[in-house]
Amino acid sequence: MTTQLWLLAGALLLCTGLTLIITSKNTVVMLFGVELMLNASNLNLVYFDKLHPGNQGQLFTLFIIIIAVCETAVGLALVFRVFRVLQTSDASNLTNLKDS
Amino acid sequence: MSPGEFLTIVLLLVLAFAAIALLFIRQIFISTLALLIVLLDLGVLYLLLMSEFIGVVQILLYAGGIVVLVLFALMLTTKKISGPFDIEFHHKVPGYLTGIGMFTILALAIFQQSWQPGNTSIASLQTIGRDLLTTHVLAFELSGIILLLTLAGASVLASTLKNNSKR
């Protein structure tokens with residue numbers, strides 16, 4: 001029964017992240033959604049690492065955390081840059097390409 | 001029910017509540033605090049799963065690093081004209097339908113599968129460190145290089161040099 005609870009928590013995090021990405025207008029909050037989805041995979045990996053011998057799951061989780069940090073840094077830098085040019089962080093206003 | 005199981009269930013409930021609350025909070029700082037609750041809660045859950053290393057990394061990197069970075073970005077990119085730091089939501093019906101539908105499918109798949117209670121192996125910190133520097137040394141070094149390049153690139157992207165900021 002406990003296994004199902006852990007996996008349900010992971011599934012809930014994934015679906016919440018997906019819904020947050022779809023429904024939110026703010027680009028920073030969309031990044032929150034990406035973080036939630038990455039953390040859902042981390043939760044599942046650490047739990048399955050506990051069920052199986054070896055520590056592959058924990059190592060994979062470590063690399064996912066590193067990639068998530070990179071993604072957040074670049075994403076926030078892009079948000080900041082777009083805000084300086086267009087004075088908005090609303091994703092539905094970002095409709096212009098360069099020189100248009 | 002042992003105290004460990006009770007604590008696990010309480011923490012999982014807090015995790016679910018904070019994650020769902022993120023969908024409905026309209027003030028962006030409270031939303032960030034809900035994200036912080038989710039990340040810290042996950043860190044404690046990793047500690048409960050005997051993965052101390054990942055738990056500490058989660059608390060240090062996510063709760064310490066990313067949330068501070070997000071707070072900085074929020075303060076720099078939020079304008080006060082549209083109310084006090086409000087988040088606006090759109091596409092509510094398709095978003096919630098997608099989320100609920102996907103959760104239903106995943107829950108059905110989880111409950112249809114019969115899960116074997118495993119041998120609850122515990123990987124010690126020493127074996128993780130040894131594996132990082134022997135079997136997985138290429139991925140470890142590459143992730144270090146990626147982290148360096150990304151942080152340099154992010155600071156270049158966000159820099160306020162006069163000649164490459166076109167207003």
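**Reading rings and helices**

In this predicted model, one aromatic cluster is formed by A:Trp6, A:Tyr47, A:Phe48 and B:Trp115.

Trainee: Let's start with the rings. How many aromatic pairs does the structure hold over all chains?

Mentor: Four, counting over all chains. For any pair, look at the ring centres, then at the angle between the planes; between 30 and 60 degrees a pair counts as tilted. Take A:Phe48 and B:Trp115: their ring centres are 5.8 Å apart and their planes sit at 35°, so this pair is tilted.

Trainee: Where do A:Phe48 and B:Trp115 lie?

Mentor: A:Phe48 is in helix α2 of chain A, while B:Trp115 is in the chain B loop between α4 (92–112) and α5 (125–133), so the pair joins two chains.

Trainee: And what relative accessible area does each have?

Mentor: Anything from 20% to 50% reads as partly exposed. A:Phe48 has 26%, so it is partly exposed. B:Trp115, with 29%, is partly exposed too.

Trainee: Now the helices. At what angle do the axes of α2 and α3 of chain A cross?

Mentor: Roughly 175°, for helix α2 (residues 27–51) and helix α3 (residues 56–86) of chain A, and their axes come within 9 Å. An angle over 145 degrees counts as roughly antiparallel, so that's how α2(A) runs relative to α3(A).

Trainee: How do the residues of that contact divide?

Mentor: Between α2(A) and α3(A) you get twelve nonpolar, nine polar and three charged residues.

Trainee: One last ring: which residue lies over the face of A:Phe80?

Mentor: That's A:Arg84, at 5.6 Å from the centre of the A:Phe80 ring.

Terms used
Residues numbered from 1 in each chain as written. Chains lettered and ligands numbered in written order. Predicted model: local features only at pLDDT ≥ 70, side-chain atom pairs only at ≥ 80, totals over all residues. Heavy atoms only, no water. Axes fitted to C-alpha atoms, helices over the stretch in contact; angles between N-to-C directions. Helix = DSSP H or I, 4+ residues; strand = E, 2+ residues; numbered from the N terminus. Parallel < 35°, antiparallel > 145°, perpendicular 65-115°, else oblique. Nonpolar A, V, L, I, M, F, W, Y, C, P; charged D, E, K, R; others polar. Phe/Tyr/Trp six-rings, centres within 6.5 Å; stacked < 30°, edge-to-face > 60°. Buried < 20%, exposed > 50% of the residue type's maximum accessible area, 1.4 Å probe, protein only. Lys NZ or Arg CZ within 6 Å of the ring centre and 35° of its normal.
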